[in-house]
Amino acid sequence: MLQFISNNFFPIVIAVLSGFMLFWSIFGNRVRGIKEVDHVGALQLINHKDAAVLDVREESEFKGGHLLNAMLIPLGKLKERIGELEKHKDKPLVVVCRTGSRSGSACATLGKLGFENAYNLAGGVINWQKQKLPLEKK
């Protein structure tokens with residue numbers, strides 16, 4: 001057994017790391033306490049629960065197309081501009097980026113700042129477009 005491990009150390013390490021990365025990609029947001037919604041859940045929150053939409057991409061990305069009525073606060077400016085979101089603190093807030101990664105980080109930050117109803121849009125704008133849902137350009 002030890003001979004096998006010593007002869008195959010690097011492939012074993014790569015396999016373990018790959019497994020961990022797969023686990024984290026599937027369950028990472030749950031571990032961090034981030035609520036996720038798919039496009040159907042996001043639409044239900046927006047249409048039936050009066051959810052606000054926060055886009056945390058950069059302005060150039062936002063101008064290329066964003067969810068209807070979305071507010072733009074880039075992730076890097078979220079903490080300094082948090083006051084702009086205070087009126088939405090007790091309502092659902094759908095947080096969006098290109099793929100769901102930055103918006104996941106934003107949801108973690110918002111959760112620490114008392115926003116208990118922040119939802120990460122799984123797959124971000126890319127998935128939204130794949131579902132043929134509308135984007136607005138300003």
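Contact is taken here as heavy atoms within 4.5 Å. The model is predicted, and the values reported below are computed from it.

The protein has six helices and five strands. From the N terminus on, these elements follow the order α-α-β-α-β-α-β-β-α-β-α. Of its 138 residues, 35% count as buried. Among contacts between residues at least 6 apart in sequence, 65% join residues at least 24 apart.

Helix H3 spans residues 39-48, and its buried residues are His39, Gly41, Ala42 and Leu45. These residues cover an arc of only 160 degrees around the axis, so they lie on the same side of H3. An α-helix has 3.6 residues a turn, so residues three or four places apart point the same way. The other side of H3 carries Asn47 and His48, which are exposed. The cover over the buried residues of H3 includes strands S1 (35-37), S4 (93-96) and S5 (118-121), together with helix H6 (124-130).

At the N-terminal end of H3, Asp38 acts as a cap, with a side-chain oxygen 3.2 Å from the backbone nitrogen of Val40. Beyond the other end, Asp50 follows just after H3 and takes a positive phi of about 55 degrees. Asp50 belongs to the loop between H3 and strand S2 (52-55). Asp50 counts as exposed because its relative accessibility is 51%, the cut-off for exposure being over 50%.

A positive phi also occurs at Lys132, which is not a glycine and has a value of about 60 degrees. Most residues other than glycine have a negative phi. Lys132 is located in the segment after H6, and with a relative accessibility of 74% it counts as exposed.

Helix H5 comprises residues 101-112 and contains Ser103. The relative accessibility of Ser103 is 0%, and Ser103 therefore counts as buried. Its side chain makes a polar contact of 2.3 Å with the side chain of Asn120. When residues up to four places away in sequence are not counted, Ser103 touches Val56, Val95, Val96, Cys97, Asn120 and Leu121.

A search of the whole structure returned zero disulfides. Cys97 is in no disulfide, and the nearest cysteine sulfur, that of Cys107, is 9.3 Å away. Cys107 is likewise in no disulfide, its nearest cysteine sulfur being that of Cys97 at 9.3 Å. A disulfide requires a pair of cysteine sulfur atoms within 2.5 Å, so a separation of 9.3 Å does not qualify. Both cysteines are nevertheless in the interior by the accessibility criterion: Cys97 is buried with a relative accessible area of 1%, and Cys107 is buried with a relative accessible area of 5%.

The loop between strand S3 (71-72) and S4 includes His88. His88 has a relative accessibility of 10% and so counts as buried. Leaving aside neighbours within four places in sequence, His88 is in contact with Ala52, Met71 and Phe115. Ile82 is also found in the loop between S3 and S4. At a relative accessibility of 17%, Ile82 counts as buried, since the cut-off for burial is under 20%.

Ile82 touches Leu110, Leu113 and Phe115, not counting residues up to four places away in sequence. Ile82 and Leu110 are 28 residues apart along the chain, and their C-alpha atoms are separated by 8.6 Å. Phe115 thus appears among the contacts of His88 and among those of Ile82. The ring of Phe115 also has Lys89 over its face, at 5.4 Å from the ring centre. The count of aromatic pairs comes to zero, where a pair requires ring centres within 6.5 Å.

Methods
Residues numbered from 1 in each chain as written. Predicted model: local features only at pLDDT ≥ 70, side-chain atom pairs only at ≥ 80, totals over all residues. Heavy atoms only, no water. Buried < 20%, exposed > 50% of the residue type's maximum accessible area, 1.4 Å probe, protein only. Helix = DSSP H or I, 4+ residues; strand = E, 2+ residues; numbered from the N terminus. Arc of directions from axis to C-beta. Polar contact = N/O pair within 3.5 Å; in protein donor to acceptor, adjacent residues only side chain to side chain. Phe/Tyr/Trp six-rings, centres within 6.5 Å; stacked < 30°, edge-to-face > 60°. Lys NZ or Arg CZ within 6 Å of the ring centre and 35° of its normal.
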